Amino acid sequence: GSFGVLANHAPMIAALGLGELKLREPSGHERAMVLQGGFFEVSHNKAIVLADGGEWQEEIDLPRAEKAFIRAQERVMGNLPGIDRDRAKAAYDKAKARIKVAKAKLGR
């Protein structure tokens, strides 16, 4: 799911999963990143994100993410011996999220 936080929001803490984080700066400029889980806290008009990992939209190498997606998809779909399916699924989900965020910048 998603949520937004405006000025004077009630205090809250939320666990974050893999997905997109959008940040609107006071100037109105918006930035996006792929977030790899963590926690979000808002209190007294201050928001804090403690992330397991993340990558700003402009730093995502789209061709590399697409290649990683194809590799992960082959591992998830294949029945190859010695493949850790949970790890392959996590790589698949991460590559998919990176592609989505990168393409949003390109308007695709």
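**Overall fold and the Glu 55–Arg 98 contact**

The protein exposes about 7900 Å², of which carbon and sulfur atoms supply 53%. The model is predicted. Its C-alpha atoms fill a box of roughly 55 × 30 × 20 Å along the principal axes. Of the 108 residues in the protein, 26% are buried. The chain carries 18 positive and 14 negative charges, and the mean positions of these two sets lie 4 Å apart.

Two helices and four strands make up the secondary structure. Read from the N terminus, the order of elements is β-β-β-β-α-α. Contacts between residues at least 6 apart in sequence were also examined by separation. Among them, 46% join residues at least 24 apart.

Helix α2 spans residues 85-106 and has 22 residues. From the first C-alpha to the last, α2 reaches 31 Å, close to the 32 Å expected at 1.5 Å a residue. At the start of the helix, a side-chain oxygen of Asp 84 comes to within 3.1 Å of the backbone nitrogen of Asp 86. The buried residues of α2 are Ala 88, Tyr 92, Ala 95, Ala 97, Arg 98, Ile 99, Val 101 and Ala 102. These buried residues pack against three strands, β1 (12-24), β2 (30-43) and β4 (54-56), and against helix α1 (62-77). An α-helix has 3.6 residues a turn, so residues three or four places apart point the same way.

One of the buried residues of α2 is charged: Arg 98. Arg 98 counts as buried because its relative accessible area is 8%, under the 20% cut-off. Its side chain makes a polar contact with the side chain of Glu 55, at 2.7 Å. Beyond its neighbours within four places in sequence, Arg 98 is in contact with Val 34, Glu 55, Ile 60, Asp 61, Arg 64 and Ala 65.

The partner, Glu 55, is found in strand β4. Glu 55 also counts as buried, because its relative accessibility is 15%. With neighbours within four places in sequence left aside, Glu 55 is in contact with Met 33, Val 34, Ile 60 and Arg 98. Val 34 and Ile 60 therefore appear in the contacts of Glu 55 and in those of Arg 98. The 2.7 Å polar contact thus joins the side chain of Glu 55 to that of Arg 98, a residue placed in helix α2.

Notes
Residues numbered from 1 in each chain as written. Predicted model: local features only at pLDDT ≥ 70, side-chain atom pairs only at ≥ 80, totals over all residues. Heavy atoms only, no water. Expected span 1.5 Å × (residues − 1). Buried < 20%, exposed > 50% of the residue type's maximum accessible area, 1.4 Å probe, protein only. Contact = heavy atoms within 4.5 Å. Polar contact = N/O pair within 3.5 Å; in protein donor to acceptor, adjacent residues only side chain to side chain. Areas by Shrake-Rupley, 256 points an atom, 1.4 Å probe, with all protein chains shown as cover. Charge placed at Lys NZ, Arg CZ, Asp CG, Glu CD.
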